[in-house]
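Here is a short briefing to read with the model open beside you. Have a look at the chain first, and then we can walk through it together.

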Amino acid sequence: MLAPFSAANCVPVRGDVARQAVTWKGAQDLAGVAGKTVKFRFRLTGGKLYAFWISSEASGASHGYVAAGGPGCTGPTDTVGAGRGR
(Lines give C-alpha, C1' and ligand atoms only; values in the text may rest on other atoms or scores of the structure.)
Protein backbone atom coordinates (compact mmCIF):
# COMPACT_ATOMS: atom_id res chain seq x y z
CA MET A 1 0.00 0.00 0.00
CA LEU A 2 1.21 3.48 -0.83
CA ALA A 3 0.36 6.08 1.79
CA PRO A 4 -1.95 7.98 1.80
CA PHE A 5 -3.84 5.81 -0.72
CA SER A 6 -5.42 3.39 1.74
CA ALA A 7 -8.99 2.26 2.27
CA ALA A 8 -8.97 4.11 5.60
CA ASN A 9 -8.05 7.40 3.89
CA CYS A 10 -10.44 7.00 0.97
CA VAL A 11 -13.39 9.37 1.04
CA PRO A 12 -16.53 7.18 0.59
CA VAL A 13 -18.22 7.45 -2.78
CA ARG A 14 -22.01 7.33 -2.88
CA GLY A 15 -24.29 7.67 -5.84
CA ASP A 16 -25.55 6.12 -9.01
CA VAL A 17 -23.53 8.04 -11.57
CA ALA A 18 -21.29 7.16 -14.48
CA ARG A 19 -18.57 9.62 -13.49
CA GLN A 20 -17.54 10.07 -9.87
CA ALA A 21 -14.18 11.26 -8.58
CA VAL A 22 -12.47 9.17 -5.92
CA THR A 23 -10.38 11.11 -3.40
CA TRP A 24 -8.19 10.33 -0.43
CA LYS A 25 -7.52 12.37 2.71
CA GLY A 26 -3.98 13.73 2.53
CA ALA A 27 -3.70 13.58 -1.28
CA GLN A 28 -4.80 16.13 -3.84
CA ASP A 29 -4.35 13.75 -6.78
CA LEU A 30 -2.48 10.63 -7.89
CA ALA A 31 0.73 12.50 -8.76
CA GLY A 32 2.49 10.71 -5.90
CA VAL A 33 2.20 7.40 -7.74
CA ALA A 34 2.90 8.68 -11.26
CA GLY A 35 5.25 6.32 -13.06
CA LYS A 36 4.77 3.54 -10.50
CA THR A 37 2.98 0.26 -11.00
CA VAL A 38 -0.14 0.27 -8.84
CA LYS A 39 -3.12 -1.99 -8.20
CA PHE A 40 -6.57 -0.72 -7.36
CA ARG A 41 -8.85 -2.59 -4.97
CA PHE A 42 -12.48 -1.54 -4.87
CA ARG A 43 -14.52 -2.25 -1.75
CA LEU A 44 -18.25 -2.07 -2.37
CA THR A 45 -21.17 -2.31 0.01
CA GLY A 46 -24.46 -2.91 -1.75
CA GLY A 47 -23.15 -1.67 -5.07
CA LYS A 48 -21.72 -2.64 -8.42
CA LEU A 49 -18.75 -1.25 -10.29
CA TYR A 50 -19.37 -0.85 -14.01
CA ALA A 51 -16.07 0.68 -15.09
CA PHE A 52 -13.32 3.05 -14.03
CA TRP A 53 -10.66 5.22 -15.62
CA ILE A 54 -7.93 7.58 -14.52
CA SER A 55 -7.73 11.05 -15.96
CA SER A 56 -5.03 13.68 -15.71
CA GLU A 57 -7.70 16.37 -16.05
CA ALA A 58 -10.03 17.72 -13.37
CA SER A 59 -12.90 17.50 -15.88
CA GLY A 60 -12.51 13.72 -16.01
CA ALA A 61 -11.88 13.66 -19.77
CA SER A 62 -10.61 10.17 -20.51
CA HIS A 63 -9.28 10.81 -24.01
CA GLY A 64 -10.51 7.31 -24.72
CA TYR A 65 -12.82 6.12 -27.43
CA VAL A 66 -16.53 6.69 -26.80
CA ALA A 67 -17.78 4.37 -29.57
CA ALA A 68 -21.01 5.91 -30.83
CA GLY A 69 -20.37 9.23 -29.13
CA GLY A 70 -22.80 10.79 -26.73
CA PRO A 71 -24.12 14.11 -25.44
CA GLY A 72 -21.57 16.81 -26.12
CA CYS A 73 -19.00 14.51 -27.71
CA THR A 74 -17.50 16.18 -30.74
CA GLY A 75 -15.65 13.15 -32.10
CA PRO A 76 -14.72 9.53 -31.42
CA THR A 77 -12.73 10.35 -28.25
CA ASP A 78 -13.74 11.98 -24.96
CA THR A 79 -11.95 15.31 -24.82
CA VAL A 80 -14.61 17.11 -22.79
CA GLY A 81 -15.26 15.05 -19.63
CA ALA A 82 -17.58 16.71 -17.16
CA GLY A 83 -18.57 19.36 -19.69
CA ARG A 84 -20.72 16.79 -21.50
CA GLY A 85 -23.63 17.48 -19.16
CA ARG A 86 -23.97 14.04 -17.63
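The notes below go from the whole chain to its aromatic residues, its nonpolar surface and one threonine.

This is a predicted model, and its secondary structure comes to 0 helices and 0 strands. Even so, there is a nonpolar surface patch to look at, along with 4 aromatic pairs.

**The chain as a whole**
- The chain has 86 residues, and buried ones make up 13% of them.
- Its accessible surface comes to about 7000 Å², with 55% of that belonging to carbon and sulfur atoms.
- If you take the contacts between residues at least 6 apart in sequence, 19% of them join residues at least 24 apart.

**Aromatic pairs**
- The count of aromatic pairs in this model is 4.
- One of them joins Phe5 and Trp24, whose ring centres are 5.1 Å apart with 85 degrees between the planes, an edge-to-face arrangement.
- Both Phe5 and Trp24 are buried.
- Phe42 and Phe52 form a tilted pair, because their planes stand at 55 degrees, with the ring centres 5.0 Å apart; the tilted class covers angles that are neither under 30 nor over 60 degrees.
- Phe42 and Phe52 also belong to one aromatic cluster together with Phe40.

**The nonpolar surface patch**
- Which residues form the nonpolar patch on the surface? They are Leu2, Val38, Phe40, Phe42, Leu44, Leu49, Phe52 and Ile54, and together they have about 700 Å² of accessible area.
- Phe42 has a relative accessible area of 38%, so it counts as partly exposed.
- Phe52, at 45%, is partly exposed too.
- Leu44 has a relative accessible area of 48% and is therefore partly exposed, since the exposed class begins over 50%.

**Around Thr23**
- Is Thr23 buried, partly exposed or exposed? Its relative accessibility is 38%, so Thr23 counts as partly exposed.
- Beyond its neighbours within four places in sequence, Thr23 is in contact with Asn9, Cys10 and Val11.
- Thr23 and Phe5 lie 18 residues apart in sequence, while their C-alpha atoms are 8.8 Å apart in space.

Technical notes: Residues are numbered from 1 along each chain as its sequence is written. This is a predicted model: local features need pLDDT of at least 70, side-chain atom pairs count only at pLDDT 80 or more; totals for chains, interfaces and linings use all residues. Side-chain values use heavy atoms; hydrogens and water are left out. Patches are made of residues with over 30% relative accessible area and no salt bridge: like charges are joined within 9 Å, nonpolar side chains (Val, Leu, Ile, Met, Phe, Trp, Tyr) within 5 Å. Accessible areas come from the Shrake-Rupley method with a 1.4 Å probe; for residues, only the protein chains shown count as cover. A salt bridge is a side-chain nitrogen of Lys or Arg within 4 Å of a carboxyl oxygen of Asp or Glu. Buried means under 20% relative accessible area, exposed over 50%, partly exposed in between (1.4 Å probe, protein chains only). Rings of Phe, Tyr and Trp (its six-membered ring) pair if their centres lie within 6.5 Å; planes under 30 degrees apart count as stacked, over 60 as edge-to-face and the rest as tilted. Contact means heavy atoms within 4.5 Å. Helices (H or I, at least four residues) and strands (E, at least two) are DSSP runs, numbered from the N terminus.
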